[in-house]
Amino acid sequence: MNIKEVSKIENEEEQVSAIYNIFNESSRLSTKATQVEFLTTVRQVEKYLKPGMKILDLGAGTGEYSLYFSKKGFEVTAIELVEKHVKQIEDKISKDISLEVFQGNAINLSMIKDKSYDIVLCFGPLYHLKKNEDKLTCIKEVKRVSTDNAKMFFAFISNDMVITTEAMCYDPNFLKGDEYNHETFKVVDFPFVFHTVDDCRKLLKDSNLEVCGEVATDGLSELLADKINVMDDESYNSWLNYHFYCCEKPEFLGASNHLLFIAEK
Ligand SMILES: C[S@@+](CC[C@H](N)C(=O)[O-])C[C@H]1O[C@@H](n2cnc3c(N)ncnc32)[C@H](O)[C@@H]1O
């Protein structure tokens, strides 16, 4: 099935599965440039992580974060919509880690009791849920299963940066095309769903959550991938340090492909 055929699938869960038959999630975070997103996110989570905390990873993909934290000794539950991804996580579980995986949808976590997790990672569902009511239901579920002192982490794909990246990295004719509204600059929500910084703030405010951190997760990494990927380790580590310095500055927030919002009750 090609991407045009996938765009016509009406059932949203089926469409997400079909999208990941085209995009290979298992290798997404495997380059120096794409690792910036992973390393920045882990660094933010580790600011709040304390021994014994329980972690829920919603939209766990092929398990990058679940495996990382379970290998550090944390008890992790991964929930993932796409069956293929669930199997890929299961294949990587070893006996010495505490990681359970369920296939499920982040808008219905009825299998989880209220106030069960200290850290909830929601790095995926809000890349795909199209309807505002579904986004709010997902955030409500995250809030419900979080303990009173929990930190909730929400990742979004930035509408405004995607236009630059598409035009400069992938399709020189993108700006002439109809994949975005030429007046509002809203990008068509397919194959992913895009949010401006203000959209993210509004969703969390409407969910009665307090935002305690806003992070430009990967900054210009996708745009500069060719340059970052050929850096030697010393230069790369210096680039990472500089990125960590920039990524929490409000003036860098819009110029990032991924946005990370940290929230509490
Ligand atoms: C781009 S991947 C990110 C995976 C991983 N969390 C990461 O950040 O590397 C998005 C994942 O979210 C999953 N997903 C999308 N919508 C979902 C939903 N409503 N409930 C659960 N998982 C969902 C997709 O199947 C996909 O594996």
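Visitor: How many residues surround the ligand?
Guide: Keep in mind that we're looking at a predicted model. Among the residues around the ligand, the closest are Arg28, Gly59, Glu80, Asn105 and Phe123. Counting the whole shell, you get 22 residues.

Visitor: By class, how many residues of that shell are nonpolar, polar and charged?
Guide: Let's go from the charged end. The shell around the ligand has three charged residues and seven polar ones. The nonpolar residues in that shell number 12.

Visitor: Which atom of the ligand lies 2.7 Å from a backbone N or O atom of glycine 59?
Guide: Polar contacts here are pairs of N or O atoms within 3.5 Å. The backbone of glycine 59 supplies one partner, at 2.7 Å, and the ligand's partner is a nitrogen atom.

Visitor: How far is a nitrogen atom of the ligand from a polar backbone atom of alanine 106?
Guide: Leucine 81 offers a backbone N or O atom too, 3.4 Å from a nitrogen atom of the ligand. For alanine 106, a polar backbone atom faces a ligand nitrogen, and the distance is 2.9 Å.

Visitor: How much of the ligand does the protein bury?
Guide: Start with the ligand taken alone, which exposes 590 Å². Put the protein back around the ligand, and the share of that area it buries is 98%.

Visitor: Are helices H6 and H8 parallel, perpendicular or oblique to each other?
Guide: Two packed helices are described by the angle between their axes and the distance between the axes. For H6 (residues 132-145) and H8 (residues 197-206), the axes come within 10 Å and cross at roughly 60°. Angles from 65 to 115 degrees would count as roughly perpendicular and those under 35 as roughly parallel. H6 and H8 are therefore oblique.

Visitor: Is the crossing of H3 and H10 left-handed or right-handed?
Guide: First, the layout: helix H3 (residues 32-46) packs against helix H10 (residues 233-246) at about 45°, with 11 Å between their axes. That angle is why the pair counts as oblique. As for the hand of the crossing, H3 and H10 are right-handed.

Visitor: What kind of peptide bond joins phenylalanine 190 and proline 191?
Guide: Proline 191 sits in the loop between helix H7 (159-170) and strand E6 (194-195). Most peptide bonds are trans. At the link between phenylalanine 190 and proline 191, though, omega is about 5°, so to speak the other form: cis.

Visitor: What value is phi of lysine 115 near?
Guide: You'll find lysine 115 in the loop between strand E3 (99-103) and strand E4 (117-122). Most residues other than glycine have a negative phi. Lysine 115 has a positive one, near 50°.

Methods
Residues numbered from 1 in each chain as written. Predicted model: local features only at pLDDT ≥ 70, side-chain atom pairs only at ≥ 80, totals over all residues. Heavy atoms only, no water. Near = heavy atom within 4 Å. Polar contact = N/O pair within 3.5 Å; in protein donor to acceptor, adjacent residues only side chain to side chain. Areas by Shrake-Rupley, 256 points an atom, 1.4 Å probe, with all protein chains shown as cover. Nonpolar A, V, L, I, M, F, W, Y, C, P; charged D, E, K, R; others polar. Axes fitted to C-alpha atoms, helices over the stretch in contact; angles between N-to-C directions. Helix = DSSP H or I, 4+ residues; strand = E, 2+ residues; numbered from the N terminus. Parallel < 35°, antiparallel > 145°, perpendicular 65-115°, else oblique. Left-handed = near helix turned anticlockwise from the far one by under 90°.
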